[in-house]
Amino acid sequence: LRFTDTIQMEKKVILVTGGSGLVGKGIEMVISSDKREDEEWIFLSSKDANLISKDETFAVFDKYKPTHVIHLAALVGGLYAHMGNNCDYFRSNVKMDDNILDACRKNKVKKLVATLSTCIFPDKTSYPINETMLHNGPPHPSNAAFSYAKRMMDLRNKKYNEEDGCMFTSVVPCNVFGPHDNFDPLHAHVMGALINRAYEAKKNGTAFEIWGTGAALRQFMYSLDLAKLFIWALREYQEIDPIILAPDEADEVSIKDVAMMILEAFDFKGDVKFLTDKPDGQLKRTASNAKLRTYLPQFQFTTTRQAIRDTVQWYVDNYHTARTGRK
């Protein structure tokens, strides 16, 4: 009995918020082939708890009693989703993050890995951005509210560590995409929206429309690559300071080039139109992965072209159940 009790005490119960979303599904897929006997993984969806509610958040923590937490859940969206909704994005994310942090502290969670984003860095800055530059100036106005809400997570991680010794940290992914993404053209990030539009244009024999000039540059990461890095961060990363998770700077591509890769994956032969009256958003946000490379110098990222092919194939195969905004 004593031996069994020791085993149970050492077992990690890992709670993943946002577990039914893009990255959560990626982690679930990777973990299915990387199981460890001392780990139990629980993937939460919004059906399990509304994390904006303190009562529901504490109830789900009481139910599962996690020792470790990966916090993916957030109110997120692309450029056009944020425009006109900044107050909602700020309020919802601050409430959710506050509930998660408080629940982790009061339940003596051994480690929390929260999620930031390269989009929350200063708009006016030098490139490439690195982890030390997060609070050096205001973010791009298009998503300022979301950015300030998420910056507070970094600040509070440090304060919880200083005051209570909590091992709360965060990772900073670049633009991520893959299977189980949001493909609703009005609320998705750029990759999901473009894939949706390409599919519909080919199906309906209409022109493929790219909002903006296509000149904006981005680093893109496949969701399964990010999933592997999240699992590494949970198991191995021991700093409170955040770490950027992104491919190498040389892998940065323009939105126009990404659009062409998507059309290639669909074998689209129709007309292409750039809606230059639409905004481009932030034209550049190149992130340095130098810190990541000191830990994982040999990590191999999936190429953007290959990741697009795989995601397009998943979207075609799962069109009727994918998140596309259809009623």
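These questions and answers walk through the sheet of a predicted model and the elements around it.

Trainee: In what order do the 6 strands of the open sheet lie?

Mentor: The pairing in this sheet is parallel. Strands of a sheet pair through backbone hydrogen bonds, either parallel or antiparallel. Read across the sheet, the order is β2-β1-β3-β4-β5-β10.

Trainee: Which are the edge strands?

Mentor: An edge strand pairs on one side only. Two strands fit that description, one at residues 39-43 and one at 243-245. They are β2 and β10.

Trainee: What is the average twist from one strand to the next?

Mentor: Take the sheet in its order, β2-β1-β3-β4-β5-β10. Go from one strand to the next, and average the twist: 20°.

Trainee: Which residue of β2 is the bridge partner of I14?

Mentor: Strand β1 covers residues 12-17. It runs parallel to β2, and 5 bridges join the two. In β2, the partner of I14 is W41.

Trainee: What angle does the direction of helix α5 make with that of β3?

Mentor: Helix α5 spans residues 86-106 and packs on the sheet. It touches β1, β3, β4 and β5. With the direction of β3, its own makes about 170°.

Trainee: And helix α8, which strands does that touch?

Mentor: Helix α8 covers residues 223-236 and also packs on the sheet. Its direction makes about 150° with that of β4. The strands touched are β1, β2, β3, β4, β5 and β10.

Trainee: How many residues of β4 are buried?

Mentor: Look at each face of β4 in turn. On one side, K111, V113 and T115 are buried. On the other, L112 and A114 are buried. So both faces are covered, and the count is 5 of 5.

Trainee: Which residue stands opposite A114 in β5?

Mentor: Strand β4 has parallel partners in β3 and β5. Toward β3, 4 bridges join the strands, and A114 is the bridge partner of H71. Toward β5, 4 bridges join the strands. There, A114 stands opposite S170.

Trainee: Is F90 buried, partly exposed or exposed?

Mentor: F90 lies in helix α5. Its relative accessible area is 38%. Buried means under 20% and exposed means over 50%. F90 falls in between, so it counts as partly exposed.

Trainee: Which residues make the nonpolar surface patch?

Mentor: The patch has an area of about 240 Å². One of its residues is in helix α5, namely F90. The full set is F90, V94 and Y148.

How values were computed
Residues numbered from 1 in each chain as written. Predicted model: local features only at pLDDT ≥ 70, side-chain atom pairs only at ≥ 80, totals over all residues. Heavy atoms only, no water. Pairing = 2+ DSSP bridges. Axes fitted to C-alpha atoms, helices over the stretch in contact; angles between N-to-C directions. Contact = heavy atoms within 4.5 Å. Patch = residues over 30% accessible without salt bridge, like charges linked within 9 Å, V, L, I, M, F, W, Y side chains within 5 Å. Areas by Shrake-Rupley, 256 points an atom, 1.4 Å probe, with all protein chains shown as cover. Salt bridge = Lys/Arg side-chain N within 4 Å of Asp/Glu carboxyl O. Buried < 20%, exposed > 50% of the residue type's maximum accessible area, 1.4 Å probe, protein only.
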